[in-house]
Amino acid sequence: MDGPSAPSPSPSRPPSPPSRRPPSCRAALAAALSAWGLLTACDPGSAADPAASAVPPPSAARTSVVSVPPAATTSVAVSAPPAGAPSSATATSGAPSPSPRGARCRTAELRASVGREDPGAGQVNHPVVLTNVSARTCTVQGYPGAAFVDDSGRQLGPDPRRGPESPARVVLAPGGSAWAGLSYARPEISGARTAVPAALLVTPPDERRPLRVPWTAGGVPVAGNESVVTLTALRPGSGT
(Lines give C-alpha, C1' and ligand atoms only; values in the text may rest on other atoms or scores of the structure.)
Protein backbone atom coordinates (compact mmCIF):
# COMPACT_ATOMS: atom_id res chain seq x y z
CA MET A 1 0.00 0.00 0.00
CA ASP A 2 1.23 3.17 -0.96
CA GLY A 3 2.20 5.66 1.64
CA PRO A 4 0.81 9.14 1.98
CA SER A 5 1.28 11.37 -1.04
CA ALA A 6 3.60 14.31 -0.85
CA PRO A 7 2.09 17.77 -1.22
CA SER A 8 2.24 19.14 -4.74
CA PRO A 9 4.64 21.99 -5.11
CA SER A 10 3.16 25.52 -5.61
CA PRO A 11 3.78 27.08 -8.98
CA SER A 12 6.90 29.29 -9.12
CA ARG A 13 6.55 33.08 -9.67
CA PRO A 14 8.89 34.93 -11.92
CA PRO A 15 11.22 37.28 -10.09
CA SER A 16 10.00 40.92 -9.89
CA PRO A 17 12.07 43.36 -11.94
CA PRO A 18 14.08 45.79 -9.93
CA SER A 19 12.33 49.02 -9.34
CA ARG A 20 13.71 52.01 -11.32
CA ARG A 21 14.13 55.26 -9.50
CA PRO A 22 14.31 58.56 -11.36
CA PRO A 23 17.86 59.72 -11.69
CA SER A 24 18.86 62.28 -9.20
CA CYS A 25 19.87 65.86 -10.02
CA ARG A 26 23.46 65.07 -9.29
CA ALA A 27 23.42 62.22 -11.79
CA ALA A 28 21.92 64.50 -14.49
CA LEU A 29 24.55 67.18 -13.83
CA ALA A 30 27.31 64.57 -14.02
CA ALA A 31 25.98 63.34 -17.37
CA ALA A 32 25.87 66.88 -18.74
CA LEU A 33 29.44 67.57 -17.65
CA SER A 34 30.55 64.31 -19.26
CA ALA A 35 28.88 65.29 -22.52
CA TRP A 36 30.52 68.77 -22.35
CA GLY A 37 33.90 67.12 -21.83
CA LEU A 38 33.43 64.99 -24.93
CA LEU A 39 32.47 68.02 -27.00
CA THR A 40 35.43 70.08 -25.88
CA ALA A 41 37.76 67.20 -26.53
CA CYS A 42 36.55 67.04 -30.14
CA ASP A 43 36.73 70.87 -30.70
CA PRO A 44 39.93 72.46 -29.36
CA GLY A 45 38.86 75.93 -30.36
CA SER A 46 35.77 75.83 -28.25
CA ALA A 47 37.74 74.43 -25.34
CA ALA A 48 40.16 77.38 -25.45
CA ASP A 49 37.34 79.89 -25.20
CA PRO A 50 34.12 78.40 -23.88
CA ALA A 51 32.57 81.89 -23.76
CA ALA A 52 32.91 82.19 -27.55
CA SER A 53 30.10 79.68 -28.11
CA ALA A 54 27.98 80.99 -25.31
CA VAL A 55 24.77 82.83 -26.02
CA PRO A 56 25.37 86.60 -26.31
CA PRO A 57 24.47 88.54 -23.21
CA PRO A 58 21.13 90.26 -23.17
CA SER A 59 22.78 93.67 -23.39
CA ALA A 60 24.32 92.75 -26.74
CA ALA A 61 20.98 91.52 -28.02
CA ARG A 62 19.41 94.90 -27.17
CA THR A 63 22.07 96.91 -28.98
CA SER A 64 20.63 98.84 -31.97
CA VAL A 65 22.25 100.98 -34.62
CA VAL A 66 20.78 104.48 -35.02
CA SER A 67 21.58 106.30 -38.21
CA VAL A 68 21.84 110.10 -37.87
CA PRO A 69 20.32 111.96 -40.82
CA PRO A 70 22.41 114.69 -42.42
CA ALA A 71 21.93 118.21 -41.16
CA ALA A 72 18.81 119.71 -42.58
CA THR A 73 19.26 122.62 -44.92
CA THR A 74 16.99 125.62 -44.82
CA SER A 75 15.18 126.31 -48.04
CA VAL A 76 13.08 129.32 -48.97
CA ALA A 77 10.15 128.79 -51.22
CA VAL A 78 9.61 131.53 -53.76
CA SER A 79 6.18 131.66 -55.24
CA ALA A 80 5.92 132.87 -58.78
CA PRO A 81 3.30 135.53 -59.51
CA PRO A 82 0.19 134.40 -61.35
CA ALA A 83 0.31 134.40 -65.11
CA GLY A 84 -0.53 137.79 -66.52
CA ALA A 85 0.21 139.69 -63.29
CA PRO A 86 2.50 142.74 -63.79
CA SER A 87 5.92 142.64 -62.20
CA SER A 88 6.83 145.13 -59.49
CA ALA A 89 9.19 146.93 -61.85
CA THR A 90 6.41 147.34 -64.41
CA ALA A 91 3.83 148.37 -61.84
CA THR A 92 6.02 151.13 -60.39
CA SER A 93 7.63 152.23 -63.62
CA GLY A 94 7.94 155.98 -63.85
CA ALA A 95 7.09 156.63 -60.17
CA PRO A 96 9.73 157.71 -57.64
CA SER A 97 10.51 155.30 -54.85
CA PRO A 98 8.72 156.22 -51.62
CA SER A 99 10.99 157.81 -49.04
CA PRO A 100 10.67 157.78 -45.25
CA ARG A 101 8.99 160.77 -43.65
CA GLY A 102 11.55 163.51 -42.93
CA ALA A 103 14.21 162.07 -45.26
CA ARG A 104 16.09 164.12 -47.84
CA CYS A 105 13.99 165.77 -50.54
CA ARG A 106 14.55 164.22 -53.94
CA THR A 107 14.58 166.11 -57.22
CA ALA A 108 11.25 164.60 -58.29
CA GLU A 109 9.62 165.97 -55.13
CA LEU A 110 10.69 169.58 -55.66
CA ARG A 111 9.89 172.46 -57.98
CA ALA A 112 12.48 175.20 -58.64
CA SER A 113 11.77 178.83 -59.38
CA VAL A 114 13.58 182.18 -59.46
CA GLY A 115 12.01 185.00 -57.49
CA ARG A 116 11.85 188.61 -58.49
CA GLU A 117 14.93 190.80 -58.33
CA ASP A 118 15.83 192.48 -55.06
CA PRO A 119 18.00 195.41 -56.13
CA GLY A 120 20.96 196.51 -54.02
CA ALA A 121 23.86 198.96 -54.27
CA GLY A 122 25.38 197.87 -57.59
CA GLN A 123 24.15 194.31 -57.01
CA VAL A 124 21.56 192.06 -58.58
CA ASN A 125 19.93 189.63 -56.13
CA HIS A 126 17.50 186.84 -56.93
CA PRO A 127 16.06 184.19 -54.59
CA VAL A 128 16.35 180.66 -55.97
CA VAL A 129 13.40 178.80 -54.45
CA LEU A 130 12.83 175.06 -53.94
CA THR A 131 9.24 174.04 -53.10
CA ASN A 132 8.11 170.66 -51.82
CA VAL A 133 5.43 169.39 -54.22
CA SER A 134 5.20 165.88 -52.73
CA ALA A 135 2.71 164.55 -50.19
CA ARG A 136 5.31 163.92 -47.50
CA THR A 137 7.59 166.00 -45.31
CA CYS A 138 11.23 166.06 -46.43
CA THR A 139 14.37 168.06 -45.70
CA VAL A 140 17.03 170.05 -47.54
CA GLN A 141 20.39 171.17 -46.22
CA GLY A 142 23.31 172.95 -47.82
CA TYR A 143 23.81 174.71 -51.12
CA PRO A 144 21.87 174.03 -54.29
CA GLY A 145 23.77 173.66 -57.52
CA ALA A 146 23.25 176.47 -60.05
CA ALA A 147 24.43 176.96 -63.64
CA PHE A 148 23.43 179.33 -66.42
CA VAL A 149 22.97 177.56 -69.77
CA ASP A 150 22.12 178.60 -73.32
CA ASP A 151 19.50 177.08 -75.59
CA SER A 152 21.73 174.11 -76.39
CA GLY A 153 22.38 173.37 -72.71
CA ARG A 154 25.98 174.65 -72.74
CA GLN A 155 27.03 176.26 -69.47
CA LEU A 156 27.72 180.00 -69.52
CA GLY A 157 30.42 181.16 -67.12
CA PRO A 158 31.82 179.35 -64.08
CA ASP A 159 29.85 177.81 -61.25
CA PRO A 160 28.66 180.28 -58.60
CA ARG A 161 30.88 180.76 -55.56
CA ARG A 162 29.39 179.61 -52.27
CA GLY A 163 28.91 181.94 -49.34
CA PRO A 164 30.68 181.51 -45.98
CA GLU A 165 27.60 180.73 -43.82
CA SER A 166 27.02 177.38 -42.11
CA PRO A 167 24.22 175.36 -43.78
CA ALA A 168 21.22 174.48 -41.61
CA ARG A 169 18.73 171.67 -42.05
CA VAL A 170 15.40 172.94 -43.39
CA VAL A 171 12.26 170.86 -42.96
CA LEU A 172 9.78 171.21 -45.80
CA ALA A 173 6.20 170.14 -45.20
CA PRO A 174 4.11 169.56 -48.32
CA GLY A 175 3.94 172.96 -50.04
CA GLY A 176 6.81 174.38 -47.97
CA SER A 177 9.77 176.24 -49.52
CA ALA A 178 13.43 177.02 -48.94
CA TRP A 179 15.50 179.58 -50.80
CA ALA A 180 19.12 180.51 -51.55
CA GLY A 181 20.34 183.98 -52.58
CA LEU A 182 21.92 184.35 -56.06
CA SER A 183 23.92 187.59 -56.41
CA TYR A 184 26.30 189.25 -58.88
CA ALA A 185 27.53 192.72 -59.68
CA ARG A 186 25.66 194.70 -62.28
CA PRO A 187 27.53 194.19 -65.55
CA GLU A 188 26.93 197.77 -66.67
CA ILE A 189 28.81 198.93 -63.59
CA SER A 190 31.51 196.28 -63.35
CA GLY A 191 32.25 196.17 -67.05
CA ALA A 192 32.17 192.34 -67.06
CA ARG A 193 31.47 190.45 -70.26
CA THR A 194 27.93 189.17 -70.28
CA ALA A 195 25.70 186.57 -71.87
CA VAL A 196 21.96 186.07 -71.85
CA PRO A 197 21.11 182.60 -70.50
CA ALA A 198 18.14 180.61 -71.69
CA ALA A 199 17.72 178.90 -68.33
CA LEU A 200 19.13 178.39 -64.87
CA LEU A 201 19.73 174.75 -63.89
CA VAL A 202 19.07 174.23 -60.18
CA THR A 203 20.18 170.98 -58.51
CA PRO A 204 18.84 170.22 -54.98
CA PRO A 205 21.48 169.42 -52.34
CA ASP A 206 22.90 165.89 -52.60
CA GLU A 207 20.99 165.23 -55.84
CA ARG A 208 22.32 164.77 -59.37
CA ARG A 209 19.35 165.59 -61.57
CA PRO A 210 18.76 169.35 -62.00
CA LEU A 211 15.55 171.30 -62.42
CA ARG A 212 15.40 173.70 -65.38
CA VAL A 213 14.07 177.21 -64.72
CA PRO A 214 13.62 179.65 -67.65
CA TRP A 215 15.77 182.77 -67.18
CA THR A 216 14.08 186.10 -67.95
CA ALA A 217 16.27 188.60 -66.07
CA GLY A 218 18.60 189.55 -68.95
CA GLY A 219 22.37 189.33 -69.22
CA VAL A 220 24.61 187.90 -66.49
CA PRO A 221 28.39 188.26 -66.04
CA VAL A 222 30.32 185.32 -67.48
CA ALA A 223 33.91 186.64 -67.70
CA GLY A 224 36.15 189.62 -66.89
CA ASN A 225 36.24 191.92 -63.90
CA GLU A 226 33.62 191.51 -61.18
CA SER A 227 32.11 188.53 -62.95
CA VAL A 228 31.80 186.35 -59.86
CA VAL A 229 28.32 184.99 -59.07
CA THR A 230 27.71 184.02 -55.45
CA LEU A 231 25.15 181.65 -53.90
CA THR A 232 24.09 181.31 -50.27
CA ALA A 233 22.95 178.20 -48.38
CA LEU A 234 19.28 177.31 -48.26
CA ARG A 235 17.09 178.82 -45.55
CA PRO A 236 13.37 178.54 -44.77
CA GLY A 237 10.88 180.59 -46.78
CA SER A 238 10.64 181.93 -50.33
CA GLY A 239 12.98 184.94 -50.04
CA THR A 240 10.27 187.54 -50.51
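# A tour from an aromatic pair to a covered strand

A search of the whole structure, which is a predicted model, finds one aromatic pair. To see this pair, select Phe-148 and Trp-215, whose rings meet edge-to-face, with 5.0 Å centre to centre and 80° between the planes. Phe-148 belongs to strand 4 (residues 145-149), while Trp-215 is in the loop between strand 11 and strand 12 (220-223), so the pair ties together parts that are 67 residues apart in sequence. With buried meaning under 20% relative accessible area, Phe-148 counts as buried because its relative accessibility is 6%, and Trp-215 counts as buried because its value is 8%.

Keep Phe-148 selected and turn to the cavity that it helps to line. A search of the whole structure finds one cavity of 30 Å³ or more, and the volume of the largest cavity is about 40 Å³. Alongside Phe-148, its lining is made by Leu-156, Gly-157, Pro-158, Pro-221, Val-222, Ser-227 and Val-229; by class, six of the lining residues are nonpolar, two are polar and none is charged.

Next, select strands 5, 4, 10 and 11, which form an open sheet in the order 5-4-10-11 with antiparallel pairing. Its edges are strand 5 (155-156) and strand 11 (211-214), each of which pairs on one side only. Between strand 10 (residues 199-203) and strand 11 there are four bridges, the two strands running antiparallel, and a place to look is Leu-201, whose bridge partner in strand 11 is Arg-212.

From here, move into the loop between strand 10 and strand 11 and select Asp-206. Its phi is near 65°, a positive value in a residue other than glycine. Is Asp-206 buried or exposed? Asp-206 counts as exposed, because its relative accessibility is 64%.

Leu-201 also leads to the largest pocket, as one of the residues that line it. This pocket has a volume of about 200 Å³, and the other residues to select are Pro-144, Gly-145, Ala-146, Ala-147, Asp-159, Pro-160, Arg-162, Thr-203, Pro-210 and Leu-231. Strand 4 and strand 10 each supply at least two residues of the lining, and the largest share, three residues, comes from strand 4. Seven of the lining residues are nonpolar, two are polar and two are charged.

Now select strand 8 (residues 177-185), in which nine of nine residues are buried. Both faces are covered: on one side the buried residues are Ser-177, Trp-179, Gly-181, Ser-183 and Ala-185, and on the other they are Ala-178, Ala-180, Leu-182 and Tyr-184.

The partners of strand 8 can be added one at a time. Strand 2 (residues 123-132) is joined to strand 8 by nine bridges and runs antiparallel to it, and within this pairing Pro-127 has Gly-181 as its bridge partner. Strand 13 (residues 229-231) is joined to strand 8 by three bridges, again antiparallel, with Tyr-184 partnered by Val-229. Val-229 has appeared before, as one of the residues that line the largest cavity.

Two bridges join strand 8 to strand 14 (residues 235-236), also antiparallel. To end the tour, select Trp-179 and Arg-235, which stand opposite each other in these strands, and show their side chains: the charged end of Arg-235 sits over the ring of Trp-179, 4.7 Å from its centre.

Note on methods: Residues numbered from 1 in each chain as written. Predicted model: local features only at pLDDT ≥ 70, side-chain atom pairs only at ≥ 80, totals over all residues. Heavy atoms only, no water. 1 Å grid on protein atoms, 1.4 Å probe; cavity = no way out; pocket = protein on both sides within 12 Å on 5 of 7 lines; lining within 4 Å. Points joined across faces, edges and corners; volume = space filled by probe spheres on them. Nonpolar A, V, L, I, M, F, W, Y, C, P; charged D, E, K, R; others polar. Pairing = 2+ DSSP bridges. Phe/Tyr/Trp six-rings, centres within 6.5 Å; stacked < 30°, edge-to-face > 60°. Buried < 20%, exposed > 50% of the residue type's maximum accessible area, 1.4 Å probe, protein only. Lys NZ or Arg CZ within 6 Å of the ring centre and 35° of its normal.
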